[in-house]
Amino acid sequence: MLYAFRFCRRRQDAIGTLALGGAVCGAAVLCLLLSVDYGFWGVLLPLFAELADCLSCKALPDGAAPRLGFALGLAVVALRLGGVQIYSLLAVPLLFAYRGERGKHNLGRFFYWFYPLHLLAIGLVSMVL
């Protein structure tokens, strides 16, 4: 979706618009056929950040527009899907706390391993239960 959107912005003609329309339609069909997590709205989520970045106004601080767009996208996903997705909105304050700088501690390796290991732990617990 992002590639098609960026292609459309570069072209600014009918071919670019057709490419974006084709990508949107293709993504919608693939989401239905493949049962993608979060569905079509989940696929559009990064596009919210990109759109907000393109439409950003000068009143916003640097980097705030994509975060605002992503927060709006999270709200759309949470409202559209309901259930536990509403808790994704708890990430919004963390999005705005980020200032574009590395933290004091290098936690890259920790998170590299944490994500698959916590999914493994959840899977094992669900198998036991």
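In this predicted model, the structure holds zero disulfides. A disulfide is a covalent bond between the sulfur atoms of two cysteines. Why does Cys25 form no such bond? The sulfur of Cys25 is 12 Å from the closest cysteine sulfur, in Cys31, and this is too far for a bond. The cut-off for a disulfide is a pair of cysteine sulfur atoms within 2.5 Å. Seen from the other side, Cys31 has its closest cysteine sulfur in Cys25, at 12 Å, again too far for a bond. Cys31 itself is buried, because its relative accessible area is 11% and buried means under 20%.

**Helix α1**

Helix α1 covers residues 2-11, and its buried residues are Ala4, Phe5 and Cys8. Seen down the axis of α1, these buried residues fall within an arc of 100 degrees, so they line one face of the helix. The face turned away from the buried side carries the exposed residues Tyr3 and Arg10. What do the buried residues of α1 pack against? They pack against α2 (14-34) and α3 (39-54). Just after α1 comes Gln12, which takes a positive phi of about 50 degrees.

**Helices α3 and α6**

The contact between α1 and α3 also appears from the side of α3: the buried residues of α3 pack against α1 and α4. Those buried residues are Leu44, Leu45, Leu47, Phe48, Ala49, Glu50 and Ala52. One of them, Leu45, is also the place where α3 bends by about 35 degrees. A proline, Pro46, follows Leu45 within four residues.

Helix α6 (residues 108-128) has a kink as well, of about 30 degrees, at Phe114. The kink lies shortly before the proline Pro116. The table sets out the lengths of α3 and α6, with the span taken from the first C-alpha to the last.

| Helix | Number of residues | Span | Expected span at 1.5 Å a residue |
|---|---|---|---|
| α3 | 16 residues | 24 Å | 22 Å |
| α6 | 21 residues | 31 Å | 30 Å |

In α3 the span is close to the expected value, and the span of α6 is likewise close to the expected one.

**Aromatic pairs**

How many aromatic pairs does the structure hold? The structure holds three aromatic pairs. In one of them, the rings of Phe110 and Phe111 have their centres 4.9 Å apart and their planes at 75 degrees, so the pair is edge-to-face. The cut-off for that label is an angle over 60 degrees between the planes. Phe110 also pairs with Phe114, and this pair is stacked, with 5.6 Å centre to centre and 25 degrees between the planes. Here the angle falls under 30 degrees, the cut-off for stacked rings.

Phe110 and Phe114 both lie in helix α6, four residues apart, which is about one turn of the helix. Ring pairs link Phe110, Phe111 and Phe114 into a cluster. Phe110 counts as partly exposed, at 47% relative accessibility. Phe114, the residue at the kink of α6, is partly exposed too, with a relative accessible area of 40%.

**Residues in and around α4**

Is Arg67, found in helix α4, buried or exposed? Arg67 is buried, with a relative accessible area of 14%. Leaving aside residues up to four places away in sequence, Arg67 touches Asp62, Leu95, Phe96, Tyr98 and Arg99.

Phe96, one of these contacts of Arg67, also figures in a distance to Gly63. The two residues are 33 residues apart in sequence and 9.5 Å apart in space, C-alpha to C-alpha. Gly63 lies in the loop between α3 and α4 (64-81), and with 41% relative accessibility Gly63 counts as partly exposed.

Where is Ile86 found? Ile86 is found in the loop between α4 and α5 (92-97). Its relative accessible area is 38%, so Ile86 is partly exposed. The C-alpha atoms of Ile86 and Val76 are separated by 9.7 Å, and the two residues are ten residues apart along the chain.

Technical notes: Residues numbered from 1 in each chain as written. Predicted model: local features only at pLDDT ≥ 70, side-chain atom pairs only at ≥ 80, totals over all residues. Heavy atoms only, no water. Buried < 20%, exposed > 50% of the residue type's maximum accessible area, 1.4 Å probe, protein only. Helix = DSSP H or I, 4+ residues; strand = E, 2+ residues; numbered from the N terminus. Arc of directions from axis to C-beta. Contact = heavy atoms within 4.5 Å. Expected span 1.5 Å × (residues − 1). Bend = angle between axes of the 7 residues up to and from the residue. Phe/Tyr/Trp six-rings, centres within 6.5 Å; stacked < 30°, edge-to-face > 60°.
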